[in-house]
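Subject: The structure I promised you

Hi,

Here is the structure I said I would pass on. Have it open while you read the rest of this email.

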Amino acid sequence: MALDLSGKKYAQVSYEEKERLFNEVKADLRYEEYLYGCYECGICVAACPSARFYDFSPRKIAQAVAREDIDLVYTLMNDSIWDCSQCFSCDRCPRKNSPGGIITIMREVAVKNGLASAQAALEGYGRVVYKIMSTGTQVSPDMLQPSAFPDWGPHVKEISNNLDVWRRALPPETLHTTETGWQVDDKTLIELYLIWHMTGVMDMIKEVDEGLFMILQDVMEERLEEAGYDVSFE
Ligand code: SF4
Ligand code: SF4
């Protein structure tokens, strides 16, 4: 279905609220580095892999933001920015814009404000976020099993059946698995928990997935207490 850019879809959201979110985007320190205007040349669209598969255009993002079209920016923040694959191929813009960078900021504002679009976009990643944030380590490819990711669709089973072949055909730098992946030192883990607490990452998680926040809170508070820190995530 074509993307509705008329603004009607979000007519119930007040202009003031849309403006507040846009001002948050503009207040980001990176904003001035990422946007200098737009020639409307379309080079970013030609380079963008997502534009080939979705009703999505980095040019629309750059133009809406450059024109300060508050209604359109709000629509794009809800319906379009999640189609970006964050590859930064659009950085070849002759005007030195980074549409992908602007999208990064828009996504962060969407997450911090708990927009429904952010909650929907991140819904399938709860397990990955839990694994990374609770253990401080990566998700290893051998976790691609249907039992671990039932919400990732039937192709996960197909991949898991031939995972060893896939990995040898497309050799990654290492062949780490959950057994052989690096172990995170306790001190490092505690530091990560403190960083995520102090920089507001846990607050962002709470906005988009309260259930996940509560599980992480239990894990982190207990480990921090054992390490002698009296930290509350409330
Ligand atoms: S970062 Fe996003 S907008 Fe830019 S080229 Fe990649 S997918 Fe397209
Ligand atoms: S490449 Fe740059 S100047 Fe050209 S349309 Fe995209 S954002 Fe605008």
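Below is what I found in it, starting with the whole chain and then going into details.

**The whole chain**

First, keep in mind that this is a predicted model. The chain has 234 residues, and 38% of them are buried. Its secondary structure comes to 14 helices and 0 strands, so you can skip looking for sheets. The C-alpha trace spans about 50 × 50 × 30 Å along its principal axes. If you take the contacts with a separation of 6 or more, 67% of them join residues that are 24 or more positions apart.

**The two ligands**

Which residues are closest to ligand 1? They are C48, C84, C87, F88 and C90, out of 13 residues that surround the ligand. Sorted by class, this shell has 8 nonpolar and 5 polar residues, with no charged ones. Two of those cysteines are worth a look for their accessibility. C87 is partly exposed, because its relative accessibility is 39%. C90 counts as buried, because its value is 8% and the cut-off for buried is under 20%.

Ligand 2 also has a shell of 13 residues, and the nearest are C38, Y39, C41, C44 and C93. Helix 3 (43–47) and helix 5 (58–67) are the elements that each give two or more residues to that shell. By class, the shell around ligand 2 divides into 8 nonpolar, 2 polar and 3 charged residues.

With so many cysteines in those lists, you may ask how many disulfides the structure holds. The count is 0. As a reminder, a disulfide is a covalent bond between the sulfur atoms of two cysteines.

**R59, a residue in helix 5**

R59 sits in helix 5. Its relative accessibility is 31%, so R59 counts as partly exposed. Leaving out neighbours within four places in sequence, R59 is in contact with C38, E40, C41, G42, C44 and V45. Three of these names, C38, C41 and C44, are also in the list of residues nearest to ligand 2. For a sense of distance, R59 and G114 are 55 residues apart in sequence and 26 Å apart in space, C-alpha to C-alpha.

**D69, K18 and S98**

Now set that pair beside another one. D69 and E19 are 50 residues apart in sequence, and their C-alpha atoms are 9.5 Å apart in space. D69 is in the loop between helix 5 and helix 6, and it counts as partly exposed because its relative accessibility is 27%.

K18 belongs to helix 1 (residues 15–27). Is K18 buried or exposed? It is buried, because its relative accessible area is 5%. Apart from residues up to four places away in sequence, K18 touches Y10, V13, I70, D71 and Y74.

S98 lies in the loop between helix 6 (70–79) and helix 7. At 6% relative accessibility, S98 is buried too. Beyond its neighbours within four places in sequence, S98 makes contact with Y34, F88 and D91. You have met F88 already, among the residues closest to ligand 1.

**Helices 12 and 13**

Finally, try turning the model so that you look down helix 12. Its 13 residues should span 18 Å at 1.5 Å a residue, and the end C-alpha atoms are 18 Å apart, which agrees. The buried residues of helix 12 are L189, I190, Y193, L194 and W196. They line one face of the helix, because they fall within an arc of 165° when seen down the axis. The face turned away from that buried side carries the exposed residues K187 and M198. Here is the rule behind such faces: an α-helix has 3.6 residues a turn, so residues three or four places apart point the same way. Helix 9, helix 13 and helix 14 are among the elements that cover the buried residues of helix 12.

Helix 13 (residues 201–208) has M202, I205 and V208 buried. These lie on the same side of helix 13, because they cover an arc of only 125° around the axis. What do the buried residues of helix 13 pack against? Their partners are helix 7 (99–112), helix 8 (116–122), helix 9 (126–135), helix 12 (186–198) and helix 14 (210–226).

Have fun looking around!

Conventions: Residues numbered from 1 in each chain as written. Chains lettered and ligands numbered in written order. Predicted model: local features only at pLDDT ≥ 70, side-chain atom pairs only at ≥ 80, totals over all residues. Heavy atoms only, no water. Disulfide = S-S within 2.5 Å. Buried < 20%, exposed > 50% of the residue type's maximum accessible area, 1.4 Å probe, protein only. Helix = DSSP H or I, 4+ residues; strand = E, 2+ residues; numbered from the N terminus. Arc of directions from axis to C-beta. Contact = heavy atoms within 4.5 Å. Near = heavy atom within 4 Å. Nonpolar A, V, L, I, M, F, W, Y, C, P; charged D, E, K, R; others polar. Expected span 1.5 Å × (residues − 1).
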